[in-house]
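Subject: Structure handover

Hello,

Here is the structure I said I would pass on. Please look it over before reading the notes below.

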Amino acid sequence: MSKHRHSKDKLYVTYSEHQMERGGKKQEIKTPLSRLPFDCCALALEPFQTPYCSPDGCVFDMVNIVPFIKKYGKNPVTGQNQKLSDLIELHFYKNEKGEYHDPISFKIFTDHTKLVAIRQTGNVYSADTVDELNRKNKNWKDLLNQQEFTYKDIITLQDPKNIEQRTIKNFDYLQKNLQIEKAQLDNTYINLGESARRILDLAQEETKKRLAQEELQEERKKEEKIQDQQKIRSQIQNNEISVEEFLKVAATSGDYLSERYATEHDSVSVTSTHMVLRAKPLGEVTYRNMTAEEIRKVLYDRIRKSGQKGYVQLITNYGNINLELHCDHVPMTCQNYIELCEKGYYNKTKFHKLAQNELVEGGDPTATGYGGESIFGKPFRIEINNLLSHNKAGMLSMGNLGPNHQTSLFFITLAECKKYDTKYSVFGEVVGGFQTLYNINKLEVNMWQRPDMNIRIKEVKVIKNPFREMIKIMMQEKDNEKDEKIHQLKKQKLNERYLEDDEFKIPEKPVEQKTKGLGLAQQLIQQFSNQEVAKKQTKQYSFDSWI
């Protein structure tokens with residue numbers, strides 16, 4: 001010990017002396033954490049103008065993220081595979097001071113606010129607002145436009161407790177040095193002033209936004225088209241596809257084409273005096289996609305030519321009634337009736353009108369005779385076929401409220417009613433269950449022709465739907481055509497490869513040597529010699545080996 005009482009000399013080396021003077025372990029110098037602000041693009045690292053986000057909550061500017069995904073096909077932040085169709089457009093709201101805030105609670109957003117977005121609408125809220133007004137109250141509707149969503153549709157954009165999500169040094173594109181080449185400045189910028197340069201920059205930015213948005217929409221349309229086709233094929237396998245769904249997809253698939261006979265330029269050249277008269281060049285053929293109504297006409301023509309019928313069974317509280325539908329004569333009416341039956345539209349309805357020895361009418365869920373809907377969403381025209389008539393009991397006909405006002409009403413005749421031939425469309429007939437009709441005809445009715453006893457339709461079973469079968473055939477034909485085209489293209493490419501080969505040469509046909517001056521005599525001699533050779537060959541052949 002030191003001889004002085006208050007001396008600071010010690011018999012050991014302190015931690016600070018060891019660290020600072022004697023080469024001990026130095027304290028690590030940590031770099032400050034660089035966290036991306038919530039209003040900045042994660043790719044450009046600057047405030048966004050048109051914000052979009054990925055399903056995992058990474059926020060980008062549309063102008064920057066679209067070319068990056070087109071080039072690399074993955075998320076710049078996480079490095080996972082990403083599609084343009086998966087991007088979600090965000091809707092931020094500002095106050096009068098230009099600050100981002102919650103549109104419901106008006107709470108100003110900061111870097112310490114937990115932000116969430118709704119997948120279906122893209123509206124951005126504070127997490128506290130969604131938690132109090134949606135999750136706790138089990139009100140799963142968007143607070144601004146009342147669109148329904150689920151708990152899984154809530155996307156977290158910023159979480160103060162999870163700073164790693166927005167830490168810049170962890171971004172995948174910075175670690176792997178992935179960049180998009182910036183377009184070089186145009187030569188027109190050389191002699192421009194600051195104001196003109198600023199105007200051109202703004203115009204260029206608007207053009208980039210517009211092009212990026214168009215590319216994004218095209219990508220989404222392609223994804224929707226693929227999803228619709230997959231949905232149609234799954235419905236075909238499960239026997240659930242309807243004609244309207246098939247027509248909607250077929251009209252945009254490009255499988256059904258029609259020849260374009262003229263264009264708007266041809267018409268303008270005829271009606272305008274200052275334009276050169278244009279005519280369609282000989283042999284030039286252009287095509288366009290067929291509309292849904294044109295494809296419907298093709299489907300109906302195939303049904304007519306095939307002569308297929310539909311079959312339906314009505315299960316009532318008085319017995320069963322089996323119906324045959326003449327789809328080959330009145331396809332639109334039969335399609336409407338069959339698909340209403342498949343949807344269960346007629347289940348638990350009742351026949352609201354009974355005219356004894358004349359008809360029994362039903363098909364109206366309101367049981368008033370003035371209700372009902374068609375599968376087309378609106379009343380459709382009456383189909384009259386002269387081959388079908390109300391000439392006996394058991395004819396199935398469509399009721400209406402006017403010349404072009406058919407919906408879901410139908411009636412079955414209980415006797416000959418030819419007076420209805422030009423007013424109502426016959427589309428089927430009873431092929432089983434005449435005893436049921438006889439029992440219904442004996443029921444008592446009141447002065448308004450309402451049966452005293454309820455005649456209910458418990459269930460309707462569709463035994464055969466010829467429209468679905470024809471759709472399967474048409475889809476299979478188009479698939480075969482595509483396979484044939486692919487096979488022809490492969491064959492064509494194979495032939496082109498052989499023709500482009502330098503070592504490949506087309507064999508030349510040997511030149512026949514002809515003797516001059518002989519003419520017809522030489523040809524006769526050659527023909528006679530060929531016949532003699534053929535005779536010798538047949539004589540030399542032996543059939544002993546067959547015995």
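A cavity, as the word is used here, is a set of grid points where a 1.4 Å probe fits but cannot get out. The model is a predicted one, and a search of the whole structure turns up three cavities of 30 Å³ or more.

Cavities

The largest cavity has a volume of about 130 Å³. Its lining is made up of 13 residues, and Q229, V249, S253, D255 and M475 are the ones that lie nearest its centre. Three elements give two or more residues to this lining: α5 (194-237), α6 (243-253) and α11 (466-500). Sorted by class, the lining of the largest cavity holds six nonpolar, two polar and five charged residues.

The second largest cavity holds about 70 Å³ of space. Among the residues that line it are L36, C40, V77, L157 and F171. By class, this second lining has eight nonpolar, two polar and one charged residues.

Nonpolar cores

In soluble globular proteins, nonpolar side chains tend to be buried together. The largest nonpolar core in this model has 53 residues, and those with the most contacts inside it are F246, L314, L323, L325, Y337, F410 and F427. Helix α9 (residues 331-342) supplies the largest share of this core, six residues. A second core, separate from that one, has 36 residues, including A117, I168, F171 and L216. F171 therefore appears twice in these notes, as it belongs to the second core and also lines the second largest cavity. Turning to F246, apart from residues up to four places away in sequence, it touches I232, I241, Y256, I295, I471, M474 and M475. M475 is also one of the residues nearest the centre of the largest cavity.

M332 in helix α9

Is M332 buried or exposed? M332 is found in helix α9, and its relative accessibility is 11%, so it counts as buried. Leaving aside neighbours within four places in sequence, M332 is in contact with R296, Y300, F376, F380, R381 and E383. M332 and F427 are 95 residues apart in sequence, while their C-alpha atoms are 9.6 Å apart in space.

The sheet

Nine strands form an open sheet with antiparallel pairing, in the order β13-β19-β11-β12-β18-β16-β17-β15-β14. The edge strands, β13 (349-350) and β14 (353-355), each pair on one side only. At the β13 edge, two bridges join β13 to strand β19 (residues 456-464), and the two run antiparallel. T349 stands opposite I457 of β19.

How many residues of strand β16 are buried? Six of the six residues of β16 (residues 395-400) are buried, so the strand is largely enclosed by the rest of the structure. On one pairing, β16 meets strand β18 (residues 425-432) in the antiparallel sense over four bridges, with S425 in β18 as the bridge partner of M398. β16 also pairs with strand β17 (residues 406-413), again antiparallel and over four bridges. There the bridge partner of S397 is F411 in β17. β16 and β17 form a hairpin, with five residues between them.

Regards

Methods
Residues numbered from 1 in each chain as written. Predicted model: local features only at pLDDT ≥ 70, side-chain atom pairs only at ≥ 80, totals over all residues. Heavy atoms only, no water. Core = buried A, V, L, I, M, F, W, Y, C linked by side-chain atoms within 4.5 Å. Buried < 20%, exposed > 50% of the residue type's maximum accessible area, 1.4 Å probe, protein only. Contact = heavy atoms within 4.5 Å. 1 Å grid on protein atoms, 1.4 Å probe; cavity = no way out; pocket = protein on both sides within 12 Å on 5 of 7 lines; lining within 4 Å. Points joined across faces, edges and corners; volume = space filled by probe spheres on them. Nonpolar A, V, L, I, M, F, W, Y, C, P; charged D, E, K, R; others polar. Pairing = 2+ DSSP bridges.
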